[in-house]
Amino acid sequence: MLLAYLSSFVSDHKLVEDIAQQTLLIAYRKINSLQYPAAFPAWLRGIARLEAFSAMRRQGREVVVSPDVLQEMDEVYHQFEERFPADTWEERFHLVEECYGRLPETLQTVCRLHYFEDCKAREIAASLTVNLNVVLKRLERARAAIRDCVRQHLAEEPS
Amino acid sequence: MVETTPNDNLPTPPPDGWELVCAGILWTRFGRRPSRALVRAMTQLAAEEALAEDAPEPAWLERVRECWLRWRPLPRFAFAAGLLLVIGIAVWSLWPSLAPRFGTPAVPICTLAQELDAQWAAGSPHPKVGEPLTVGTLQLKSGVVELDFTSKARVAVEGPALVTLNGYNTLKLEAGKMSADVQPSARGFSVQTPNATVVDLGTDFGVAVAADHSAQLAVFKGRVKLTTTARAGMEWLLTNSMAVAVGANGDVTTTLFSETLFPQVSDLIATRPSNCGFNVLNEMALGGMPLTFSNWSGPAYELTGPTQGIGPFEGAGMLRFLAPPGGGDSVVWQLIDLRPFKAQLASGDAQIRASVLFNRVRGNAGSANEFALTVAAYAGEPVDTAQLWARRKEVALAVAEKVIATDNDPATWEKAAVATPLPASADFMIVGLRAIHPATAAAGADPFPGHFADFVDCSIYVPIRASLSPINR
């Protein structure tokens, strides 16, 4: 969950690993300050957020995500916890994997190349011999489609 | 879900929280992307706690202990159990596949990753390649060793050298030479010499200490901070290609920068062919030898998903060999440009390493069961590549080939791997994948009824190197 959360707004994987490592160290050292164990995931995300902002500032970069969007992200994670209270995070993410599996092949291809094989959009455009803009649009549509599918399923009553 | 017609003129709204969460989950491959963050954090904690064992108890901890002892036994136990449970649940739910090394009596600080003609002194430990090392002193009589720290700093040490491993992200160099390649996570990696301390600020650097305790420091990339025992309170910031000498009396003077004064850590650079996993199913060209870089070409093959009961080793696609029109082996090639790697080849010690996976359907006596991987490196331009390939054993600067006979089990992918020295003059490489025509094929029968290749991996490996210049004595 921690890596997924950080990867939402930090694009450098190595930096994500470093921030995650620092976050865990701080969480261990400050565990006594956690009042309600059930709030651990949200508490950990809060530490990760601060560490990410510090790390990006040190590198002269800016986190281009508004406070409203960060708040919305926390609410999404909270909905995952409420919808699947007994599951691990890998099990909860299976919903996202199902929604990814329903994408048309053209959108799955660009998602796989970009997110799983770490190809840059320019490299994907060259591989598929399409315009860069086409790749970017496909990635946007894929994300939007997965988002809508996940939101719909989380809004459903548990069976 | 149906893909609607794209309209490139519509402005794109910024992503909302839902979209960012989904993107983050995609990046982690639905929570399955391997991560070392937890292991590194645990190792760092254990190392810090081991080193702090003799330190006096901080006042805040004494207050916590007092508050703890005032609790009644049951709630105290319940809290401890609850805390352990929370930490346990958090750890195992976040990273169920990782096992922290609790209970390890001595926490490894680094691993001996490589050695080059290393000879250890009589009173020193004699670690083997792959052996984890803990706090302690090593005395290297001669040769070069590479130490890979868990903090992600990599250090090459050249003997004669006396090195003390004294912390998770630090070492003491009392004599000898070393260089460090420090990843961002190991920022702060420090080297102490008898009269100076060098702290990494995100860099590659070298330090050499002579018998009189004078030292030379060179920064290959990035920045370091230097302090000396003789000039307490002063610090020097050195950047790219700067070098200083620290005299036996602690004086700091600039000196000529020379990277060859220091040993160098190993390097592994991925040079995979384009579409190395054959997952982009429409990226293929039918024909003869390719004349340009970065595309597969061959007379008879296709890229396919799962078929005939065989699935790709990784990703969505794999290569299927087909019978060429004129008969014979079924071959596919790709040219790889080596000119971007000239700096790595210049050392003269570089090696090309390549591998590929092969599989086939169950066959009979007449169907092919052998495959081959070939890499051949050439100088100059890729002109008349068909001739260069045909005469590779005569004209190539380096050739390596591996033929494997595969089993009759479609469930197993089998690897062919090659490695060969790569001369500094190499400009490009041809990678050839081949399904070998069987000698006993029946007339009219398809010699390649279901023969596949997947995941071609190539990398240039440069081993650890000794310095080229003697240290001043």
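**Note on the predicted two-chain model**

1. Start with a loop in chain B. Lys152(B) sits in the loop between strand E3 (136–149) and E4 of chain B. Its phi is positive, near 85 degrees, and Lys152(B) is not a glycine. At 33% relative accessibility, Lys152(B) is partly exposed. The model is predicted, and most residues other than glycine have a negative phi. This loop therefore merits a look, since a positive phi departs from what most non-glycine residues show.

2. A second backbone point concerns E4 itself. The peptide bond from Gly159(B) to Pro160(B) is cis, with omega near 5 degrees. Pro160(B) belongs to strand E4 (residues 153–167) of chain B. Most peptide bonds are trans.

3. Ser241(B) also has a positive phi, about 60 degrees, without being a glycine. Ser241(B) is placed in the loop between strand E9 (236–238) and strand E10 (243–246) of chain B. Its relative accessibility is 47%, so Ser241(B) counts as partly exposed.

4. On confidence in chain A: the mean pLDDT is 85, and 97% of the residues reach 70 or more. Among the elements of chain A, helix H1 (residues 2–7) has the highest mean, 92. Helix H5 (residues 89–92) of chain A has the lowest, 82.

5. Next, helix H1 (residues 17–27) of chain B. How many of its residues are buried? The count is 11 of 11, so the helix is largely enclosed by the rest of the structure. Among them are Gly17(B), Glu19(B), Cys22(B) and Trp27(B). What do these buried residues pack against? Their partners are in chain A: H1, helix H2 (13–29), helix H4 (67–83), helix H6 (94–101), helix H7 (105–116) and helix H9 (132–155).

6. Both ends of H1(B) deserve a check. At the N-terminal end, Asp16(B) acts as the cap: a side-chain oxygen is 3.2 Å from the backbone nitrogen of Trp18(B). After the helix comes Arg29(B), with a positive phi near 55 degrees.

7. Aromatic contacts: the whole structure holds 19 aromatic pairs over all chains. In one of these, the ring centres of Tyr115(A) and Trp27(B) are 4.8 Å apart and the planes are at 75 degrees, so the pair is edge-to-face. Tyr115(A) is in helix H7 of chain A and Trp27(B) in helix H1 of chain B, so this pair joins two chains. Tyr115(A) is buried, at 2% relative accessibility. Trp27(B) is buried too, with a relative accessible area of 14%.

8. Within chain A, ring pairs connect Tyr5(A), Phe9(A), Phe53(A), Tyr77(A), Phe80(A), Trp89(A) and Phe93(A) into a cluster. Arg92(A) lies over the face of Trp89(A), 4.5 Å from the ring centre.

9. Strand E23 (residues 451–462) of chain B has 10 of its 12 residues buried, so the strand is largely enclosed by the rest of the structure. Which strands pair with E23(B)? Strand E18 (residues 351–360) of chain B runs antiparallel to E23(B), joined by 9 bridges. Strand E12 (residues 267–270) of chain B is antiparallel to E23(B) over 4 bridges. Strand E16 (residues 318–321) of chain B is antiparallel to E23(B) over 3 bridges.

10. Residue partners help in checking the register. Ser355(B) is opposite Asp457(B). Ile269(B) is opposite Ile460(B). Arg320(B) has Phe452(B) as its bridge partner. One charge-over-ring contact fits here as well: Arg353(B) lies over the face of Tyr461(B), at 3.8 Å from the ring centre.

Methods: Residues are numbered from 1 along each chain as its sequence is written. Chains are lettered from A and ligands numbered from 1 in the order in which they are written. This is a predicted model: local features need pLDDT of at least 70, side-chain atom pairs count only at pLDDT 80 or more; totals for chains, interfaces and linings use all residues. Side-chain values use heavy atoms; hydrogens and water are left out. pLDDT is the predictor's confidence in each residue, from 0 to 100. Buried means under 20% relative accessible area, exposed over 50%, partly exposed in between (1.4 Å probe, protein chains only). Contact means heavy atoms within 4.5 Å. A polar contact is a pair of N or O atoms within 3.5 Å; within protein, one must be able to donate a hydrogen and the other to accept it, and residues adjacent in sequence count only if both atoms are side-chain atoms. Rings of Phe, Tyr and Trp (its six-membered ring) pair if their centres lie within 6.5 Å; planes under 30 degrees apart count as stacked, over 60 as edge-to-face and the rest as tilted. A charge sits over a ring if NZ of Lys or CZ of Arg is within 6 Å of the ring centre and within 35 degrees of the ring normal. Two strands pair if DSSP finds at least two bridges between them.
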